[in-house]
Structure formats: C-alpha cells, structure tokens
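Ready for a walk through this model in your viewer? Keep the selection box handy, and take the stops in order.

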Amino acid sequence: MFGKIAERLAGKNILITGASTGIGYSTAKYFAEAGAGNIKLVLTARREDKLKALKEELLKSYPSIQVFIASLDVSKIDQISPFLKSLPSDFAEIDVLVNNAGKALGLDPVGSVDPVDVKEMFDTNVLGMIQLTQLVVQQMKKRNKGDIIQLGSVAGREPYPGGSIYCATKSALNFFTGALRKELISTKIRVIEVEPGNVATDEFSLVRFKGDKERAASVYKDTEPLYAEDIAELIVFAATRKENTVLAETLIFGNNQASPFHIYRGPQSK
Ligand SMILES: NC(=O)c1ccc[n+]([C@@H]2O[C@H](COP(=O)([O-])OP(=O)(O)OC[C@H]3O[C@@H](n4cnc5c(N)ncnc54)[C@H](OP(=O)(O)O)[C@@H]3O)[C@@H](O)[C@H]2O)c1
C-alpha cells in the first residue's frame, strides 16, 4: 500500500510558498523523500539564499529531483502573475499548490495593532494566497486535475485575545477554502486545509515578536508543541491519497434533485 505513495507522486510538479524555513521547508523535504526524488518542486519565499541551500541539499540526496527556486513575495500581489508566467515550461503546470507562506505579527489588543502589521498579515496570509490560488486553479480546471493545500490554523476557528488580525486572516482562509472546495466538488481538483495548533518552528514566533528571542521561546515553554515535520507529514499524507479520495470536514453534493445540498461530514470519496 505504502509503495503507491511514490507512484502517486511520480512526475508531479509541486509549488510551495514560504519554503525557506519552517513548515514549507520541511514539506519540500518530505515530498522529495516520499516521491523518492521523482518529482518537481517549485520553491518560493523572499529569501533566495535559503532556497538555494535547500535546493542543493535536495539535489545531494535525490540526484533525479528537479527543483526550481524563485524569490517571490506573495504580499506583492501584482508580482504573482508575472512570476507564474516566468516559470520554465517544465515547471509551468502546477499539480500541487501548497499555500504556506504566512505570519502572525504581534499580540497587541485591538486599538493598539499597528496598521502596517494589519496590512502585512492580510496581504500575505489572505490576498497573496487568494491571487496565487485564482491563477493556479485556472490551469488546474483546464486539466481537471490538481491538489490545493492550504495552511490554515486553529486560530481561524478559535479567536484568542491579541490574535484579532491573525485569527481574522486564517478565518478568511478557512471560508475561502471551504467555498473553493464546494465549487470544485464535481471536479478532480482536491482542496485540503491543514489547521495546526502551536507549531514550534524556528521563526514563526520570532517573526511575531519581531526578533525578541526570549519572548519567542516562551511560547513553547512547558508545552509539547507540534513541529514542522509533523505538519509536513500530514500534508504529504493528504496529497498522496488515491485520486478519488479527499480529506475534508464537509462536502456538498448537488446531484439529488430533492435535496440539492446534502452536507456530509468526514473523509469522503469523490
Ligand atoms: N507555527 C505555528 O504555530 C503555526 C500554526 C498554525 C498555522 N501556521 C501557518 O503555517 C504557515 C507556515 O508557518 P511556519 O511556522 O512555518 O512559519 P515560519 O517558520 O515563520 O515560515 C514562514 C515562511 O513564509 C515565508 N514568508 C513570509 N512572508 C512572506 C511573503 N510576504 N512572501 C513569501 N513568503 C513569505 C518565509 O520566508 P521568507 O521570510 O524567506 O519570505 C518562511 O519561509 C503559515 O501560514 C502559518 O500561519 C503556523
């Protein structure tokens, strides 16, 4: 059964945003391992030096892997279309899109949140993610094929004090993703959302607290957090189910005349 994972991934072209560190970085490595190097990766983030180091590491372990790296700031919405158009033809058709780039900034209460942080969180977590998805889904629809994997968060369902903006961005992602899944339910395009709790990645809390290492470390003190590898494993698991199987909380079927919107909760077969 597990031998089929590499078979299912064979030749697939996987685009990951925010691949320079954390969950995106681990996801790239897990896909490479699961596909035994017989995959293509398009790895993006703002820091190209980190992507370059990851590419070298991947090539060393999997000489057959094809990796294209590019600096892409997803918060610069107008750069997303030119980026996709600039992909070499071998990498131009995306089979799996992992919308991972995202961030939380600060823990300030409403009334004190810096408007610059508000904009950066919405531009990155919501507007950039939407723009990239809109463009990639167009090509997936033409081929009636593809997986869209969204990095949501429990923060998108359970708002917490100090997280007003971050929670709002992840809630927006959750609803966008739910609508998209229902729009695509009769196609072979799967839409998957992973919603982790606290994940101890190298930079997430450091970014939130703007470089304050002590404050960042205190987030994980006396807890047993998840790690980037745990989330990467889930993403690869979801992407390597049999093509007709989608992991989702709700799916809508529109074929029944008497009851055009039947909601099913749980794993489902398309
Ligand atoms: N860590 C958690 O506790 C947790 C929990 C639930 C959900 N999540 C979600 O999981 C995702 C990844 O989190 P993580 O912990 O891996 O975060 P991380 O370690 O801080 O990594 C974030 C990644 O996003 C990239 N990035 C940031 N701003 C960007 C931009 N404007 N354009 C393109 N790339 C950008 C960063 O690379 P560059 O700086 O090089 O651009 C980095 O590769 C996020 O969407 C986050 O909201 C995290």
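Start by selecting E4 and E5, two strands that pair in the parallel sense over four bridges. Before going further, please note that this is a predicted model. Within the pair, put valine 98 on display and then isoleucine 149, its bridge partner in E5.

Stay with E5, residues 146–151. Is this strand enclosed or not? Six of its six residues are buried, so E5 is largely enclosed by the rest of the structure. Turn on the side chains to see the two faces: Gly146, Ile148 and Gln150 point one way, while Asp147, Ile149 and Leu151 point the other way. Both sets are buried.

Now add E6, residues 189–194. E5 and E6 run parallel and are joined by six bridges. Glutamine 150 makes a good landmark here, as it stands opposite glutamate 193 in E6.

**The whole sheet**

Zoom out until six strands are in view. They form an open sheet in the order E3-E2-E1-E4-E5-E6, with parallel pairing. Which strands sit at the edges? They are E3 (66–71) and E6, each of which pairs on one side only. Direction ignored, neighbouring strands of this sheet are turned by 15 degrees against each other on average.

Next, select helix H5, residues 115–143. H5 packs on the sheet and touches E1 (13–17), E4 (96–99), E5 and E6. Line up your view along E4, and you will find that the direction of H5 makes about 170 degrees with that of the strand.

**Strand E1**

Hide the helix and colour E1. Five of the five residues in E1 are buried, leaving the strand mostly covered. Asn13, Leu15 and Thr17 point to one side of E1, and Ile14 and Ile16 to the other. E1 runs parallel to E2 (residues 40–45), and five bridges join the two. To find your place between these strands, look for leucine 15, which stands opposite valine 42 in E2.

**Around the ligand**

Select the ligand and the residues around it. There are 32 of them, and those that come nearest are Gly18, Gly22, Arg46, Gly102 and Phe204. What classes of residue make up this shell? It has twelve nonpolar, 13 polar and seven charged residues.

Highlight helix H2 (22–34) and helix H7 (204–208), each of which supplies at least two residues of the shell. H2 gives the most, with three residues.

**Four stops in the loops**

- Asparagine 38: go to the loop between H2 and E2. Asparagine 38 counts as partly exposed, because 16 C-beta neighbours lie inside 10 Å. Leaving aside neighbours within four places in sequence, asparagine 38 is in contact with Ala6, Ala10, Gly11 and Ser64. If you draw a C-alpha to C-alpha distance to leucine 97, 59 residues apart in sequence, it reads 17 Å.
- Asparagine 144: move to the loop between H5 and E5. Check the backbone here, where phi is near 50 degrees, a positive value in a residue other than glycine. Asparagine 144 counts as exposed because it has 11 C-beta neighbours inside 10 Å.
- Proline 196: look in the loop between E6 and H7. Proline 196 is partly exposed, with 18 other C-beta atoms within 10 Å. Not counting residues up to four places away in sequence, proline 196 touches Ser153, Leu226 and Ile231. Glycine 152 is 44 residues apart from proline 196 in sequence, yet the C-alpha atoms of the two are 7.1 Å apart in space.
- Lysine 210: continue to the loop between H7 and helix H8 (213–218). Lysine 210 has a positive phi of about 50 degrees although it is not a glycine. Lysine 210 counts as exposed, with 11 C-beta neighbours inside 10 Å.

**The full view**

Finish by showing everything. The protein has nine helices and ten strands. Its radius of gyration is 18 Å, close to the 18 Å that the globule rule gives for 270 residues, so the protein is as compact as a globular protein of that length. Taken along the principal axes, its C-alpha atoms fill a box of roughly 55 × 50 × 40 Å.

Of the 270 residues, 38% count as buried. For a last look, try a contact map: among contacts with a separation of 6 or more, 71% are between residues 24 or more positions apart.

Note on methods: Residues are numbered from 1 along each chain as its sequence is written. This is a predicted model: local features need pLDDT of at least 70, side-chain atom pairs count only at pLDDT 80 or more; totals for chains, interfaces and linings use all residues. The radius of gyration is taken over C-alpha atoms; the globule rule is 2.2 Å times the number of residues to the power 0.38. A residue is buried if 20 or more other C-beta atoms lie within 10 Å of its own, exposed if 12 or fewer, and partly exposed in between; C-beta atoms are placed from the backbone. Two residues are in contact if their C-beta atoms, placed from the backbone, lie within 7 Å. A residue is near a molecule or strand if its C-beta atom, placed from the backbone, lies within 6 Å of it. Ala, Val, Leu, Ile, Met, Phe, Trp, Tyr, Cys and Pro count as nonpolar, Asp, Glu, Lys and Arg as charged, and the others, Gly among them, as polar. Two strands pair if DSSP finds at least two bridges between them. Axes are lines fitted to C-alpha atoms, for helices over the stretch in contact, and angles run from 0 to 180 degrees between N-to-C directions.
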